[in-house]
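Morning, everyone. Please put the structure up on the screen, and I will walk you through it.

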Amino acid sequence: MNHKLLNPLRLASPWLLLFTLLFCAAAVAGAATRKPNILVILADDLGYGELGCQGYTQQIPTPNIDSIVKNGVRFTSGYVSGPYCSPTRAGFMTGRYQQRFGHEFNPGPAQTTPDTVGLSLKETTIGDRLKAAGYATGWFGKSHLGYAPQFHPLKRGFDEYFGFLGGMHDYLDAAGDVNNPILRGTAPVASLDYTTDAFGREAVNFIEKHRTEPWFVYLPFNAVHAPLESLEKYLSRFANIADTKRRTYAAMQSAMDDAIGTVLNKIRECKLEEDTLIFFFSDNGGPTAQTTSANGPLRGFKSQTWEGGIRVAWMVQWKGRIPAGKVDHRPVIQLDIHPTALAAAGVAIKPEWKLDGVNLLPYLTGEKSGAPHEALFWRFGQQIALRMGDWKLVKGAGSKGIERSDPLGKASTAGAELYNLKQDIGEKENLAEKNPEKLKELTAAWEKLNSEMIDPLWGRNSGAAEKKVGKKRKTGAE
Ligand SMILES: [Ca+2]
């Protein structure tokens, strides 16, 4: 009896062991080759100086955003390719300088924007490419890349969309502007609690739904863009701030940090932290006079090619894959996110895509030393800039911040100033006369890049176009 019973067991054991080993090996291999999730968090009009981790204004705690820096790398010279909302978003989406395809300025409000104005259909988005690589793709928040149906996020590589198509939105009223409603897919939603909470919640739900497959979440908050609106639950945190405007701004930034916390917690809860590459940046610098959003030591504001318009909070996290708690002073730009995400996803980057962005992964891991870019380029109407090493060539606007008084005309390097940002982060001392050779070198580099760009396909918003929106809430302008 025993003999007969034991025999099959004796036979079964080696097979069982073999199958167990094969199963475990397959599981390990599967885990190692799992494509990482990609999370891109974009703040709107957040000044360089505002977050706790940036080390300047310490008035508004941002523990959740700061945790990205604690777990990853903060770039002190992190840039965006536009000093304004839509151009920066076009650059991020394509990984290319937006002036290559004429997207130099914002589309205007829905009522005055022609159906042809939006992110060029000749361009391929990061959503298109990650979707083709098998990713579930979700976009939760602002678009600002065109209103016509062909520009809708669902047509640009995204499976799911919840947000609005204009440049700004009421935080509390879903239908505050019939021309720019909050949409689920393409259908206006009936109610809204608070855009910041809602966008975070939608991202969390998407991650939960797709936890077992690779996903890409693009989370562009309208916070902390105007209008200044918040909820009592956030305002009550800042009872110590007497100034109403500043208090409301603080509440908005705090709400955004909370919403980001819910997303990061969901990733942790799903045990996906080591499988998720996370980026955070702002689309342009702070318009301090309008919202109080401050740019720390930087000169200038949103809409300018001074550092205050284009240098932003910029950080990346990939637990277990890139260093934690590191501060990196090498210049990077939001164009880099596109190729970096693709490289992480195992997508081979083709030269014919003509990306301006650089895959930062080897620079983050230390595999490559040196600077990712020889030079960074800006053109915004007649404002120009170029950064090369510690040096910056710049022809900036006046000192007021958002201005629409730039005369039309071609940009040129005539009269451009020269600064050494390592010694002079505030762009106070123009060194052009003292360093004619350096001025010449940077001018030549700007002219070369500029010769590759095309003229803007549409002009800068005019005040007149905005007035046409009427007294109801302003929407698409900024
Ligand atoms: Ca913006």
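Let me start with a question: is Phe 279 buried or exposed? Phe 279 is buried, because its relative accessible area is 1% and the cut-off for buried is under 20%. One caution before I go on: this is a predicted model.

Let's stay with rings. A pair of aromatic rings is described by the distance of the centres and the angle of the planes. This structure holds 21 aromatic pairs. Take Phe 162 and Phe 199. Their centres are 6.1 Å apart, with 75 degrees between the planes, and the pair is edge-to-face. Where do the two sit? Phe 162 is in strand β5, residues 160-164, and Phe 199 is in helix α5, residues 195-209. They are 37 residues apart, so the pair links distant parts of the chain. Phe 162 and Phe 199 are both buried.

Now back to Phe 279. Its partner is Trp 314. Why is this pair edge-to-face? The planes of Phe 279 and Trp 314 stand at 90 degrees, with the ring centres 6.3 Å apart, and edge-to-face needs over 60 degrees. Phe 279 belongs to strand β9, residues 276-282, and Trp 314 to strand β10, residues 314-317. So the pair ties together parts that are 35 residues apart in sequence. Trp 314 is buried too, and its relative accessible area is 0%.

Rings also gather in groups. Which residues make up one aromatic cluster? They are Phe 92, Trp 139, Phe 158, Tyr 161, Phe 216, Tyr 218 and Phe 281. Keep Trp 139 in mind.

Some rings have a charge over the face. Arg 299 lies over Trp 306, at 3.5 Å from the ring centre. Arg 321 does this with Trp 318, at 4.4 Å from the ring centre.

Next, the metal. Which protein atoms are donors of the calcium ion? The list has OD atoms from Asp 44, Asp 45 and Asp 283, with Asp 283 listed twice. It also has SG of Cys 85 and OD1 of Asn 284. These donors lie 2.2 to 2.6 Å from the ion. There are 6 donor atoms, with angles of 53 to 158 degrees among them, and the site is irregular. Along the chain, the donors follow the spacing D-D-x39-C-x197-D-N. Look at Cys 85 and Asp 283 in that pattern. Cys 85 is in helix α3, residues 85-94, while Asp 283 is in the loop between β9 and α8. They are 198 residues apart, and the pair links distant parts of the chain. Cys 85 and Asp 283 are both buried.

Now for empty space. How many cavities of 30 Å³ or more does a search of the whole structure find? The search finds 1. About 40 Å³ of space lies in the largest cavity. Its lining includes Met 93, Leu 119, Thr 125 and Trp 139. Trp 139 is the ring I asked you to remember, from the aromatic cluster. Ser 143, Leu 145, Phe 151 and Arg 156 also line the cavity.

On to a helix. Helix α10 covers residues 337-344, and it is mostly covered, with 7 of its 8 residues buried. Among the buried ones are Ile 337, His 338 and Leu 342. After α10 comes Gly 346, with a positive phi near 80 degrees.

Last topic: the backbone. Which residues does a cis peptide bond join? One such bond joins Ala 223 and Val 224, and omega is about 5 degrees. Another runs from Ala 226 to Pro 227, with omega near 0 degrees. Val 224 lies in the loop between β8 and α6. Pro 227 is found in the loop between β8 and α6 as well.

Two more residues to point at. Lys 271 is not a glycine, yet its phi is positive, about 55 degrees. Lys 271 sits in the loop between α7 and β9. Ser 303 is not a glycine either, and its positive phi is about 85 degrees. Ser 303 sits in the loop between α8 and α9.

Is Lys 271 buried or exposed? Lys 271 is exposed, because its relative accessible area is 72% and exposed means over 50%. Ser 303 is buried, because its relative accessible area is 1%, under the 20% cut-off.

That is my tour. Thanks for listening.

Note on methods: Residues are numbered from 1 along each chain as its sequence is written. This is a predicted model: local features need pLDDT of at least 70, side-chain atom pairs count only at pLDDT 80 or more; totals for chains, interfaces and linings use all residues. Side-chain values use heavy atoms; hydrogens and water are left out. Rings of Phe, Tyr and Trp (its six-membered ring) pair if their centres lie within 6.5 Å; planes under 30 degrees apart count as stacked, over 60 as edge-to-face and the rest as tilted. Helices (H or I, at least four residues) and strands (E, at least two) are DSSP runs, numbered from the N terminus. Buried means under 20% relative accessible area, exposed over 50%, partly exposed in between (1.4 Å probe, protein chains only). A charge sits over a ring if NZ of Lys or CZ of Arg is within 6 Å of the ring centre and within 35 degrees of the ring normal. Donors are N, O and S atoms within 2.8 Å of the metal (3.2 Å for Na, K and Ca); water is not among the atoms, so sites may look incomplete. Four donors count as tetrahedral if all angles lie between 85 and 135 degrees; four count as square planar and six as octahedral if opposite donors are over 155 degrees apart and all others between 65 and 115; anything else is irregular. On a 1 Å grid over the protein atoms alone, a cavity is a set of points where a 1.4 Å probe fits but cannot get out, and a pocket is an open set with protein on both sides within 12 Å along at least five of seven lines; lining residues have an atom within 4 Å of a point. Grid points are joined across faces, edges and corners, and a volume is the space filled by probe spheres set on the points.
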